[in-house]
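Biologist: I should like to learn how the features of a fold are read from coordinates. May we take them in turn, from the sheet to single residues?

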Amino acid sequence: MRIDIITLFPEMCEAVMSESIIGRARAKGTIEVNCIQLRDYAFDKHKRVDDTTYGGGMGMLMKAEPIALCFEDICRKTGSRPHFIYMSPKGRTLTQDRLRELSKLENITILCGHYEGVDQRLIDEFIDEEISIGDYVLTGGELPALVLADSVSRLVPGVLSDDICFSEESHFNGLLEYPQYTKPSVWRGHEVPQVLMSGHHANIEKWRKEKSIEETKNKRPELYEKYMDSRKGDS
């Protein structure tokens, strides 16, 4: 998979995407991530990518043309038209299901917004999808873009050591993950559940499934209801 991040702060994005699991996957060539400076596509001597809004109002708006030029350059370099995502608080909330779908694509481009957002004409003409990471507003789109890039990259085959690394995690199957424990077996008077030390794999799996359902019911009742509704036809 190739991910291009269009940003005013490529160093910030590069620093995050060069570390840990994602950094190792990039080094191996399992994924390709490019953090592109939008100002390189500005066409005045001041490299401006924003201007005042028509109709008045506070703040500046990102101009359409530099973004369009940048994306068109990416298209030329890839020989295709990547799926173009704009990180926006107006977008559809990111979910694990959507991440699974995106991880099957060969190329995605992520636009990091700033100021008061982006000229609507660019969105109408170029953007395939607006995505939000939650119902709140940040100072820029870099953090949301990094959340998306990290979470979709780890689903690409070969990034994690084994599919089980993510297939038993929270949200993968509609449930939250079961509790986990490590050594020592007794910590400040709290013991690890005996079933986990029994070596009986069937009982361990049964316990984990029950705890996963319990965690979901207690912490995310809306997910629990959705899960139970999906099970009504199973009998």
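**Reading the sheet, the helices and single residues**

Modeller: Let us begin with the sheet. In this predicted model, five strands form an open sheet in the order β2-β1-β6-β5-β7, with parallel pairing.

Biologist: Which are the edge strands?

Modeller: An edge strand pairs on one side only, and here the edge strands are β2 (32-37) and β7 (129-132). Neighbouring strands of the sheet are turned against each other by 30° on average, direction ignored.

Biologist: How many bridges does the pairing of strand β5 and strand β6 run over?

Modeller: Strand β5 (residues 83-93) and strand β6 (residues 107-112) pair in the parallel sense over five bridges. As an example of a bridge partner, tyrosine 86 has leucine 111 in β6.

Biologist: Which strands does helix α1 touch, and which does α6 touch?

Modeller: Helix α1 (residues 10-17) packs on the sheet with contacts to β1 (2-7) and β2, and its direction makes about 165° with that of β2. Helix α6 also packs on the sheet: it touches β1, β5, β6 and β7, and its direction makes about 175° with that of β1.

Biologist: Within α6, let us consider one residue. Is serine 151 buried or exposed?

Modeller: The cut-off for buried is under 20% relative accessible area. Serine 151, which has its place in helix α6 (residues 142-153), counts as buried because its relative accessibility is 14%.

Biologist: What lies around the side chain of serine 151?

Modeller: A polar atom of the serine 151 side chain lies 2.6 Å from the backbone oxygen of valine 147. The backbone oxygen of leucine 148 is 3.2 Å from a polar atom of that side chain. Leaving aside residues up to four places away in sequence, serine 151 touches Leu94 and Leu99.

Biologist: How is a pair of packed helices described?

Modeller: Two packed helices are described by the angle between their axes and the distance between the axes. For helix α8 (residues 201-219) and helix α9 (residues 221-231), the axes come within 5 Å and cross at roughly 125°. The two helices, α8 and α9, are therefore oblique to each other.

Biologist: Which residues of α8 and α9 meet?

Modeller: From α8, Lys209, Ile213, Thr216, Lys217, Asn218 and Lys219 meet Pro221, Leu223, Tyr224 and Tyr227 of α9. Sorted by class, this contact of α8 with α9 has five nonpolar, two polar and three charged residues.

Biologist: Let us turn to the backbone. Where is there a cis peptide bond, and what is its omega?

Modeller: Lysine 183 and proline 184 are joined by a cis peptide bond, with omega about 5°. Proline 184 is located in the loop between α7 (164-167) and β8 (186-187).

Biologist: Which residues other than glycine have a positive phi?

Modeller: Two cases may be named. Serine 20 has a positive phi of about 55° although it is not a glycine, and tyrosine 115, also a residue other than glycine, has a positive phi near 60°.

Biologist: Where do serine 20 and tyrosine 115 lie, and how does each count in accessibility?

Modeller: Serine 20 is found in helix α2 (residues 20-28), and it counts as partly exposed because its relative accessibility is 48%. Tyrosine 115 lies in the loop between β6 and α5 (120-126). At 37% relative accessibility, tyrosine 115 likewise counts as partly exposed.

Methods:
Residues are numbered from 1 along each chain as its sequence is written. This is a predicted model: local features need pLDDT of at least 70, side-chain atom pairs count only at pLDDT 80 or more; totals for chains, interfaces and linings use all residues. Side-chain values use heavy atoms; hydrogens and water are left out. Helices (H or I, at least four residues) and strands (E, at least two) are DSSP runs, numbered from the N terminus. Buried means under 20% relative accessible area, exposed over 50%, partly exposed in between (1.4 Å probe, protein chains only). A polar contact is a pair of N or O atoms within 3.5 Å; within protein, one must be able to donate a hydrogen and the other to accept it, and residues adjacent in sequence count only if both atoms are side-chain atoms. Contact means heavy atoms within 4.5 Å. Axes are lines fitted to C-alpha atoms, for helices over the stretch in contact, and angles run from 0 to 180 degrees between N-to-C directions. Angles under 35 degrees count as roughly parallel, over 145 as roughly antiparallel, 65 to 115 as roughly perpendicular and the rest as oblique. Ala, Val, Leu, Ile, Met, Phe, Trp, Tyr, Cys and Pro count as nonpolar, Asp, Glu, Lys and Arg as charged, and the others, Gly among them, as polar. Two strands pair if DSSP finds at least two bridges between them.
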